[in-house]
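Welcome, and thanks for taking a look at this one with us. Please have the sequence and the structure at hand as you read.

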Amino acid sequence: MGYFFQGLTMGLAYVAPIGLQNLFVINSALTHTRRRALLTALIVIFFDVTLALACFFGIGAVMQHYEWLQMVILLVGSLIVLYIGVGLLRSKVEEIDRSKSASSIQKTISSACVVTWFNPQAVIDGTMMLGAFHVTLPTTQSIPFISGVAAASFLWFTGLTFIISIFSNWFNARILRVINLICGIIVIFYGCKLLFNFIALII
(Lines give C-alpha, C1' and ligand atoms only; values in the text may rest on other atoms or scores of the structure.)
Protein backbone atom coordinates (compact mmCIF):
# COMPACT_ATOMS: atom_id res chain seq x y z
CA MET A 1 0.00 0.00 0.00
CA GLY A 2 2.93 2.32 0.68
CA TYR A 3 4.19 2.22 -2.90
CA PHE A 4 0.66 2.50 -4.26
CA PHE A 5 0.16 5.65 -2.18
CA GLN A 6 3.52 6.99 -3.35
CA GLY A 7 2.45 6.41 -6.95
CA LEU A 8 -0.92 7.99 -6.22
CA THR A 9 0.57 11.17 -4.73
CA MET A 10 3.26 11.38 -7.41
CA GLY A 11 0.62 10.81 -10.09
CA LEU A 12 -1.63 13.53 -8.68
CA ALA A 13 1.24 16.01 -8.48
CA TYR A 14 2.22 15.13 -12.05
CA VAL A 15 -1.24 15.29 -13.62
CA ALA A 16 -2.86 18.10 -11.63
CA PRO A 17 -0.86 21.13 -12.88
CA ILE A 18 -2.91 23.12 -15.36
CA GLY A 19 -1.50 22.24 -18.76
CA LEU A 20 -2.95 21.18 -22.10
CA GLN A 21 -4.71 18.06 -20.79
CA ASN A 22 -6.38 19.84 -17.90
CA LEU A 23 -7.46 22.82 -19.99
CA PHE A 24 -8.96 20.36 -22.48
CA VAL A 25 -10.94 18.63 -19.70
CA ILE A 26 -11.92 21.91 -18.04
CA ASN A 27 -13.21 23.42 -21.27
CA SER A 28 -15.17 20.23 -21.94
CA ALA A 29 -16.78 20.40 -18.49
CA LEU A 30 -17.69 24.05 -19.05
CA THR A 31 -19.17 23.64 -22.54
CA HIS A 32 -20.64 20.11 -22.64
CA THR A 33 -23.24 18.20 -20.66
CA ARG A 34 -21.89 16.39 -17.59
CA ARG A 35 -22.30 13.01 -19.30
CA ARG A 36 -20.36 14.14 -22.36
CA ALA A 37 -17.71 15.81 -20.20
CA LEU A 38 -17.22 12.56 -18.27
CA LEU A 39 -16.80 10.68 -21.55
CA THR A 40 -14.16 13.21 -22.56
CA ALA A 41 -12.42 12.70 -19.20
CA LEU A 42 -12.37 8.92 -19.69
CA ILE A 43 -10.85 9.35 -23.15
CA VAL A 44 -8.13 11.60 -21.71
CA ILE A 45 -7.53 9.08 -18.89
CA PHE A 46 -7.00 6.30 -21.43
CA PHE A 47 -4.31 8.24 -23.29
CA ASP A 48 -2.74 9.51 -20.07
CA VAL A 49 -2.47 6.02 -18.52
CA THR A 50 -1.09 4.47 -21.71
CA LEU A 51 1.56 7.18 -21.87
CA ALA A 52 2.46 6.62 -18.20
CA LEU A 53 2.78 2.85 -18.79
CA ALA A 54 4.98 3.41 -21.84
CA CYS A 55 7.22 5.82 -19.94
CA PHE A 56 7.45 3.64 -16.84
CA PHE A 57 7.99 0.22 -18.45
CA GLY A 58 9.83 1.55 -21.52
CA ILE A 59 12.80 3.65 -20.50
CA GLY A 60 12.40 2.45 -16.92
CA ALA A 61 12.91 -1.20 -17.90
CA VAL A 62 15.90 -0.39 -20.11
CA MET A 63 17.51 1.56 -17.28
CA GLN A 64 17.49 -1.47 -14.98
CA HIS A 65 20.06 -3.22 -17.22
CA TYR A 66 22.56 -0.35 -17.40
CA GLU A 67 23.86 1.23 -14.20
CA TRP A 68 25.42 4.18 -16.02
CA LEU A 69 22.08 4.92 -17.67
CA GLN A 70 20.37 4.74 -14.28
CA MET A 71 22.73 7.38 -12.94
CA VAL A 72 22.30 9.63 -15.97
CA ILE A 73 18.51 9.38 -15.92
CA LEU A 74 18.34 9.84 -12.16
CA LEU A 75 20.48 12.97 -12.32
CA VAL A 76 18.83 14.47 -15.41
CA GLY A 77 15.39 13.30 -14.26
CA SER A 78 15.77 14.84 -10.81
CA LEU A 79 16.89 18.15 -12.33
CA ILE A 80 13.98 18.13 -14.80
CA VAL A 81 11.51 17.32 -12.02
CA LEU A 82 12.92 20.18 -9.91
CA TYR A 83 12.72 22.44 -12.97
CA ILE A 84 9.07 21.44 -13.50
CA GLY A 85 8.30 22.18 -9.83
CA VAL A 86 9.97 25.59 -9.89
CA GLY A 87 8.24 26.33 -13.19
CA LEU A 88 4.88 25.57 -11.61
CA LEU A 89 5.61 27.92 -8.72
CA ARG A 90 6.46 30.68 -11.19
CA SER A 91 3.83 29.92 -13.84
CA LYS A 92 0.97 32.17 -14.84
CA VAL A 93 -2.41 30.71 -15.74
CA GLU A 94 -4.69 32.27 -18.35
CA GLU A 95 -8.42 32.60 -17.92
CA ILE A 96 -10.50 29.63 -19.05
CA ASP A 97 -12.04 29.86 -22.50
CA ARG A 98 -15.78 29.38 -21.93
CA SER A 99 -16.84 30.08 -25.52
CA LYS A 100 -15.99 26.74 -27.16
CA SER A 101 -18.80 24.69 -28.68
CA ALA A 102 -19.23 20.92 -28.40
CA SER A 103 -17.19 18.81 -30.81
CA SER A 104 -17.73 15.33 -32.25
CA ILE A 105 -16.56 12.17 -30.46
CA GLN A 106 -13.99 11.56 -33.20
CA LYS A 107 -12.56 15.05 -32.77
CA THR A 108 -12.56 14.64 -28.99
CA ILE A 109 -10.56 11.40 -29.30
CA SER A 110 -8.05 12.89 -31.72
CA SER A 111 -7.67 16.05 -29.64
CA ALA A 112 -7.17 14.04 -26.43
CA CYS A 113 -4.51 11.97 -28.19
CA VAL A 114 -2.73 15.09 -29.44
CA VAL A 115 -2.65 16.90 -26.07
CA THR A 116 -1.22 13.73 -24.46
CA TRP A 117 0.91 11.67 -26.85
CA PHE A 118 1.91 14.49 -29.21
CA ASN A 119 2.81 16.93 -26.45
CA PRO A 120 6.65 16.73 -26.41
CA GLN A 121 6.87 18.21 -22.92
CA ALA A 122 4.48 15.59 -21.51
CA VAL A 123 6.38 12.75 -23.18
CA ILE A 124 9.78 14.02 -22.01
CA ASP A 125 8.61 14.81 -18.48
CA GLY A 126 6.80 11.48 -18.16
CA THR A 127 9.75 9.49 -19.47
CA MET A 128 12.28 11.16 -17.20
CA MET A 129 10.09 11.25 -14.10
CA LEU A 130 8.50 7.80 -14.28
CA GLY A 131 11.60 6.19 -15.76
CA ALA A 132 13.69 7.54 -12.89
CA PHE A 133 11.22 6.28 -10.30
CA HIS A 134 11.22 2.83 -11.93
CA VAL A 135 14.91 2.49 -11.05
CA THR A 136 14.42 3.37 -7.38
CA LEU A 137 11.64 0.82 -6.76
CA PRO A 138 11.98 -2.82 -5.67
CA THR A 139 10.98 -5.08 -8.58
CA THR A 140 7.93 -6.38 -6.73
CA GLN A 141 6.64 -2.84 -6.11
CA SER A 142 6.58 -1.61 -9.70
CA ILE A 143 2.97 -2.70 -10.26
CA PRO A 144 1.60 -1.10 -7.05
CA PHE A 145 3.43 2.14 -7.86
CA ILE A 146 2.25 2.47 -11.47
CA SER A 147 -1.24 1.38 -10.37
CA GLY A 148 -1.21 4.35 -8.02
CA VAL A 149 -0.19 6.61 -10.90
CA ALA A 150 -3.05 5.25 -13.04
CA ALA A 151 -5.51 5.66 -10.15
CA ALA A 152 -4.37 9.27 -9.76
CA SER A 153 -5.15 9.94 -13.42
CA PHE A 154 -8.64 8.46 -13.05
CA LEU A 155 -9.41 10.24 -9.77
CA TRP A 156 -8.07 13.59 -10.96
CA PHE A 157 -9.74 13.85 -14.36
CA THR A 158 -13.12 12.46 -13.27
CA GLY A 159 -13.06 14.53 -10.07
CA LEU A 160 -12.05 17.65 -11.98
CA THR A 161 -14.90 17.11 -14.44
CA PHE A 162 -17.49 16.72 -11.67
CA ILE A 163 -16.24 19.73 -9.71
CA ILE A 164 -15.98 21.98 -12.76
CA SER A 165 -19.45 21.03 -14.01
CA ILE A 166 -20.98 21.68 -10.58
CA PHE A 167 -19.06 24.85 -9.69
CA SER A 168 -18.27 26.15 -13.17
CA ASN A 169 -18.78 29.79 -12.20
CA TRP A 170 -16.26 29.57 -9.37
CA PHE A 171 -13.26 28.53 -11.43
CA ASN A 172 -10.92 31.24 -12.63
CA ALA A 173 -7.22 31.82 -13.15
CA ARG A 174 -6.66 32.46 -9.43
CA ILE A 175 -7.99 29.02 -8.40
CA LEU A 176 -5.93 27.30 -11.08
CA ARG A 177 -2.86 29.21 -9.87
CA VAL A 178 -3.34 27.81 -6.35
CA ILE A 179 -3.52 24.29 -7.80
CA ASN A 180 -0.24 24.83 -9.62
CA LEU A 181 1.46 26.17 -6.47
CA ILE A 182 0.46 23.12 -4.42
CA CYS A 183 1.55 20.75 -7.19
CA GLY A 184 4.82 22.63 -7.63
CA ILE A 185 5.74 22.07 -3.98
CA ILE A 186 4.93 18.34 -4.21
CA VAL A 187 6.89 17.92 -7.46
CA ILE A 188 9.93 19.70 -5.95
CA PHE A 189 9.78 17.30 -2.99
CA TYR A 190 9.91 14.30 -5.34
CA GLY A 191 12.67 15.93 -7.39
CA CYS A 192 14.77 16.19 -4.22
CA LYS A 193 14.01 12.52 -3.49
CA LEU A 194 15.31 11.48 -6.92
CA LEU A 195 18.42 13.64 -6.49
CA PHE A 196 19.07 11.99 -3.11
CA ASN A 197 18.81 8.55 -4.78
CA PHE A 198 21.37 9.66 -7.38
CA ILE A 199 23.76 10.85 -4.67
CA ALA A 200 23.29 7.54 -2.82
CA LEU A 201 24.42 5.67 -5.97
CA ILE A 202 27.71 7.54 -6.30
CA ILE A 203 28.85 7.49 -2.67
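The notes below go from the whole chain to a few local features.

## Overall picture

This is a predicted model. The chain holds 9 helices and 0 strands, and read along the sequence it follows the pattern α-α-α-α-α-α-α-α-α.

Of the 203 residues in the chain, 46% are buried. Among contacts with a separation of 6 or more, 89% link residues 24 or more positions apart. About 10400 Å² of the chain is exposed, and carbon and sulfur atoms supply 71% of that area.

## Helix α6

Helix α6 covers residues 105–117, and its length is easy to check: at 1.5 Å a residue, its 13 residues should span 18 Å, which agrees with the 18 Å between its end C-alpha atoms.

Which residues of α6 are buried? They are T108, S111, A112, C113, V115 and T116. It helps to recall that an α-helix has 3.6 residues a turn, so residues three or four places apart point the same way.

## S28 and its surroundings

Have a look at S28 in helix α2, which runs over residues 20–31. S28 counts as buried because its relative accessible area is 4%, under the 20% cut-off.

Beyond its neighbours within four places in sequence, S28 is in contact with R36, A37 and T40. The side chains of S28 and T40 are also joined by a polar contact of 3.3 Å.

## A nonpolar surface patch

On the surface, Y66, W68, V72, L75, V76 and L79 make a nonpolar patch of about 560 Å². One of these residues, Y66, sits in the loop between α4 (59–63) and α5 (67–90). With 44% relative accessibility, Y66 counts as partly exposed.

How values were computed. Residues numbered from 1 in each chain as written. Predicted model: local features only at pLDDT ≥ 70, side-chain atom pairs only at ≥ 80, totals over all residues. Heavy atoms only, no water. Patch = residues over 30% accessible without salt bridge, like charges linked within 9 Å, V, L, I, M, F, W, Y side chains within 5 Å. Areas by Shrake-Rupley, 256 points an atom, 1.4 Å probe, with all protein chains shown as cover. Salt bridge = Lys/Arg side-chain N within 4 Å of Asp/Glu carboxyl O. Helix = DSSP H or I, 4+ residues; strand = E, 2+ residues; numbered from the N terminus. Buried < 20%, exposed > 50% of the residue type's maximum accessible area, 1.4 Å probe, protein only. Polar contact = N/O pair within 3.5 Å; in protein donor to acceptor, adjacent residues only side chain to side chain. Contact = heavy atoms within 4.5 Å. Expected span 1.5 Å × (residues − 1).
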